[in-house]
Amino acid sequence: MATENKNLSNYDKETLPNAKPYKFGIVFSEWNSNITHALRDGAIEALVDLGALPDHIKTIQVPGSFELTYGCKLLMEDCDAVIAIGSVIRGETAHFDFVCHGVTQGITQLNIQQETPIIFCVLTDDNIEQSLARSGGKHGNKGVEAAVAAVQMADLKNKEIH
């Protein structure tokens, strides 16, 4: 495994844009809330650390990962970047595959059709141990990584492309 025993959530503030001028949205799933709340909290802490004003971070909770696309659509108009946070853990049925595919396709479509970047922070793990390792455990917090990407994409969105 490429991430084995690696914490990938470290970042160098000095090399990243300042988040202060931007507004961010975070949509997080209620399902597997111990995971999604840790991801959300990691994302908020990183955004603030990178300069985002707390009142420029809007959060909404949706029932499950499948509903993330709609939640992101609601926040897109007022934000420079939106982070979609979910956790889908493989079970005994094909439900895992349908939810993972649906949310991935939905967020991809929003990214293609709209002007606001959506950052994909949906864990799709085989078991709870893998999810815990990626939501503040030995592999860091993917919410932090999503926040860094959101700042970079908000900055890209607001720069003139030549």
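Angles under 35 degrees count as roughly parallel, over 145 as roughly antiparallel, 65 to 115 as roughly perpendicular and the rest as oblique. The legends below describe close-up views of a predicted model.

**View A. Helices α1 and α5 cross at an oblique angle.** The axis of α1, which covers residues 33–49, comes within 7 Å of the axis of α5, residues 142–158, and the two cross at roughly 40°. A crossing at roughly 40° belongs to none of the three named ranges, and α1 and α5 are therefore oblique to each other. The handedness of this crossing is right-handed. On the α1 side the contact is made by Leu-39, Gly-42, Ala-43, Ala-46 and Leu-47, which meet Lys-142, Gly-143, Val-144, Ala-147 and Val-151 of α5. Sorted by class, the residues of this contact comprise seven nonpolar, two polar and one charged.

**View B. Helices α2 and α3 run roughly parallel to each other.** Two packed helices are described by the angle between their axes and the distance between the axes. For α2 (residues 68–76) and α3 (residues 95–113), the axes come within 9 Å and cross at roughly 20°. That angle makes α2 roughly parallel to α3, and α2 passes α3 in a right-handed crossing. From α2, the residues Leu-68, Thr-69, Cys-72, Lys-73 and Met-76 meet Val-103, Gly-106, Ile-107 and Leu-110 of α3. In this contact six residues are nonpolar, two are polar and one is charged.

**View C. The largest pocket is lined by 15 residues.** Rolling a probe the size of a water molecule over the atoms shows where empty space is left. The volume of the largest pocket is about 260 Å³. Of the residues that line the largest pocket, Trp-31, Ser-87, Val-88, His-95 and Val-99 lie nearest its centre. Two or more lining residues are given by each of the elements β3 (81–89) and α3. The lining of the largest pocket divides into six nonpolar, seven polar and two charged residues.

**View D. Asn-32 lies in the loop between β1 and α1.** Most residues other than glycine have a negative phi, and most peptide bonds are trans. Asn-32, by contrast, has a positive phi near 60° although Asn-32 is a residue other than glycine. The loop that holds Asn-32 follows β1 (24–29) and leads to α1, the helix of residues 33–49 that also appears in View A.

Note on methods: Residues are numbered from 1 along each chain as its sequence is written. This is a predicted model: local features need pLDDT of at least 70, side-chain atom pairs count only at pLDDT 80 or more; totals for chains, interfaces and linings use all residues. Side-chain values use heavy atoms; hydrogens and water are left out. Axes are lines fitted to C-alpha atoms, for helices over the stretch in contact, and angles run from 0 to 180 degrees between N-to-C directions. Helices (H or I, at least four residues) and strands (E, at least two) are DSSP runs, numbered from the N terminus. A crossing is left-handed if the near helix is turned anticlockwise from the far one by less than a right angle, and right-handed if clockwise. Contact means heavy atoms within 4.5 Å. Ala, Val, Leu, Ile, Met, Phe, Trp, Tyr, Cys and Pro count as nonpolar, Asp, Glu, Lys and Arg as charged, and the others, Gly among them, as polar. On a 1 Å grid over the protein atoms alone, a cavity is a set of points where a 1.4 Å probe fits but cannot get out, and a pocket is an open set with protein on both sides within 12 Å along at least five of seven lines; lining residues have an atom within 4 Å of a point. Grid points are joined across faces, edges and corners, and a volume is the space filled by probe spheres set on the points.
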